[in-house]
Amino acid sequence: MERWDDRPFQLLSELSETAIDIKNDGWNVFELESRINLRSKIHEFIDLTNTSTLSTSELRQRLMACHTHYGPPFATQLVHALQNHDEAEREAVTWLLVQLDDPATIPQLFKLMQQPQQARTIRLAAALTLAGMGATQTITQASKPRLYALS
């Protein structure tokens, strides 16, 4: 009988220990809320791209405003959104990344393009995004082997 009464207190102590572990990982409520807002903003842009009557310049202005508000995590989250299996959303993210034209996304897209465990369509979308951003010279320079002459 004593064990049965003691059990809720044991669960409570375990929960408080996990809460302490979460606090030690560096996460806080504001960062989590910011990430949730960032993801919802990304999905809002994807929806605007697919079903909107906004002009390209208006959408680009909103995109730049969000990029200045959220900073580099905005572009990183867009690159992560490229790994979606829905073709229309992947196409929208590709267009958004080309419009954003952030040089910080080039290494991330190149890495995504080189991962063999990713689906072929996702690697192709990363390559098309790089081509749309005009980063094809970066790709060819990085993958070009060096040749040496032996005498």
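In this predicted model, Arg90 sits in helix α5, which spans residues 87-100. Arg90 is buried, and yet no salt bridge accompanies it. The nearest side chain of opposite charge belongs to Glu87, at a distance of 5.3 Å; since a salt bridge requires a nitrogen-to-oxygen distance within 4 Å, this pair does not qualify. What the side chain of Arg90 does have is a backbone partner: one of its polar atoms lies 2.8 Å from the backbone oxygen of Asn84. Once neighbours within four places in sequence are set aside, the surroundings of Arg90 consist of Leu82, Asn84, His85, Thr121, Ile122 and Ala125, each in contact with Arg90. Asn84 thus appears both in this contact list and as the residue whose backbone oxygen faces the Arg90 side chain.

Attention turns next to the pairing of charges. Side chains of opposite charge can pair when their charged atoms come close. In this model the count of salt bridges comes to one. That salt bridge joins the side chains of Lys41 and Glu44, with a distance of 3.7 Å from N to O. Both residues belong to helix α2 (residues 29-50), and because they are three residues apart there, about one helical turn separates them. Lys41 is partly exposed, with a relative accessibility of 24%, and Glu44 is likewise partly exposed, at 38%.

Another arginine, Arg62, is found in helix α3. Arg62 is partly exposed, its relative accessible area being 41%, whereas Arg90 is buried. Beyond its neighbours within four places in sequence, Arg62 touches Phe45, Leu48 and Leu54. For one of these partners, Phe45, the separation from Arg62 is 17 residues along the sequence and 8.9 Å in space between C-alpha atoms.

Helix α3 also takes part in a helix pair. Two packed helices are described by the angle between their axes and the distance between the axes. For α3 (residues 56-70) and α4 (residues 72-81), the angle is about 115° and the axes are 6 Å apart. On the α3 side, the contact is formed by Leu63, Cys66, His67 and Tyr70; on the α4 side, these residues meet Pro72, Pro73, Phe74, Ala75 and Leu78. By character, the residues of this contact comprise eight nonpolar and one polar, with no charged residue among them.

Technical notes. Residues numbered from 1 in each chain as written. Predicted model: local features only at pLDDT ≥ 70, side-chain atom pairs only at ≥ 80, totals over all residues. Heavy atoms only, no water. Axes fitted to C-alpha atoms, helices over the stretch in contact; angles between N-to-C directions. Helix = DSSP H or I, 4+ residues; strand = E, 2+ residues; numbered from the N terminus. Contact = heavy atoms within 4.5 Å. Nonpolar A, V, L, I, M, F, W, Y, C, P; charged D, E, K, R; others polar. Buried < 20%, exposed > 50% of the residue type's maximum accessible area, 1.4 Å probe, protein only. Lys, Arg positive; Asp, Glu negative; His and termini not counted. Polar contact = N/O pair within 3.5 Å; in protein donor to acceptor, adjacent residues only side chain to side chain.
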